[in-house]
Amino acid sequence: DSVLIELTATLRAVKSTENVTQIRLDAMRNRVLRLEVYLNIATVSIASGGMIAAVFGMNLLSGLEEHPQAFWIVSGSAFLSAALVYRIILAFLGLKRIFR
């Protein structure tokens with residue numbers, strides 16, 4: 001009879017430990033998924049900035065080739081557009097309560 005009580009207590013302890021471990025794994029998985037979302041948003045943002053560079057990289061004559069500050073203007077606008085796209089996507093997801 002005491003063996004049965006001890007086995008039952010041990011079984012409860014094992015199930016409790018299993019539940020705690022499962023909760024910890026779920027929390028870690030959620031952190032990894034959150035990081036993945038941030039990285040995917042950053043990838044889209046960088047691609048939008050790269051699109052600006054691609055447009056100016058096509059051998060088209062626009063008159064900006066001779067401008068002394070054209071490189072810095074295009075680089076700055078690409079960086080700012082990438083940052084803006086990142087913030088807009090995060091704000092949209094926060095507004096829809098999809099991602100905070």
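A residue counts as buried when its relative accessible area is under 20%, as exposed when it is over 50%, and as partly exposed in between. The exercises below apply this and similar criteria to a predicted model.

**Exercise 1.** Determine whether Phe 71 and Trp 72 are buried or exposed, and classify the geometry of the aromatic pair they form.

*Solution.*
Step 1. The relative accessible area of Phe 71 is 55%. Exposed means over 50%, so Phe 71 is exposed.
Step 2. Trp 72 has a relative accessibility of 58%, and therefore it also counts as exposed.
Step 3. A search of the whole structure yields one aromatic pair. In this pair, the ring centres of Phe 71 and Trp 72 are 4.9 Å apart, and the planes stand at 80° to each other.
Step 4. Planes over 60 degrees apart count as edge-to-face, so the pair of Phe 71 and Trp 72 is edge-to-face.

**Exercise 2.** Describe how helix α1 and helix α2 are arranged relative to each other.

*Solution.*
Step 1. Two packed helices are described by the angle between their axes and the distance between the axes.
Step 2. Helix α1 covers residues 2–57 and helix α2 covers residues 70–95; their axes come within 8 Å and cross at roughly 150°.
Step 3. Angles over 145 degrees count as roughly antiparallel, so α1 and α2 are roughly antiparallel to each other.
Step 4. The crossing of α1 past α2 is right-handed.
Step 5. By class, the contact of α1 with α2 comprises 15 nonpolar residues, five polar residues and no charged residues.

**Exercise 3.** Locate Ser 45 and Ser 81, and state which residues each of them touches, leaving aside those up to four places away in sequence.

*Solution.*
Step 1. Ser 45 belongs to helix α1. Its relative accessible area is 3%, so Ser 45 is buried.
Step 2. The residues that Ser 45 touches are Ala 82, Val 85 and Tyr 86. These three are among the α2 residues that meet α1.
Step 3. Ser 81 belongs to helix α2. Its contacts are Ser 48, Gly 49 and Ile 52, which are among the α1 residues that meet α2.
Step 4. Between the C-alpha atoms of Ser 81 and Leu 4, which are 77 residues apart along the chain, the separation is 68 Å.

**Exercise 4.** State where Arg 97 lies, what is notable about its phi angle, and whether it is buried or exposed.

*Solution.*
Step 1. Arg 97 is found in the segment after α2.
Step 2. Although Arg 97 is not a glycine, its phi is positive, at about 60°.
Step 3. The relative accessibility of Arg 97 is 64%, so this residue counts as exposed.

How values were computed:
Residues numbered from 1 in each chain as written. Predicted model: local features only at pLDDT ≥ 70, side-chain atom pairs only at ≥ 80, totals over all residues. Heavy atoms only, no water. Axes fitted to C-alpha atoms, helices over the stretch in contact; angles between N-to-C directions. Helix = DSSP H or I, 4+ residues; strand = E, 2+ residues; numbered from the N terminus. Parallel < 35°, antiparallel > 145°, perpendicular 65-115°, else oblique. Left-handed = near helix turned anticlockwise from the far one by under 90°. Contact = heavy atoms within 4.5 Å. Nonpolar A, V, L, I, M, F, W, Y, C, P; charged D, E, K, R; others polar. Buried < 20%, exposed > 50% of the residue type's maximum accessible area, 1.4 Å probe, protein only. Phe/Tyr/Trp six-rings, centres within 6.5 Å; stacked < 30°, edge-to-face > 60°.
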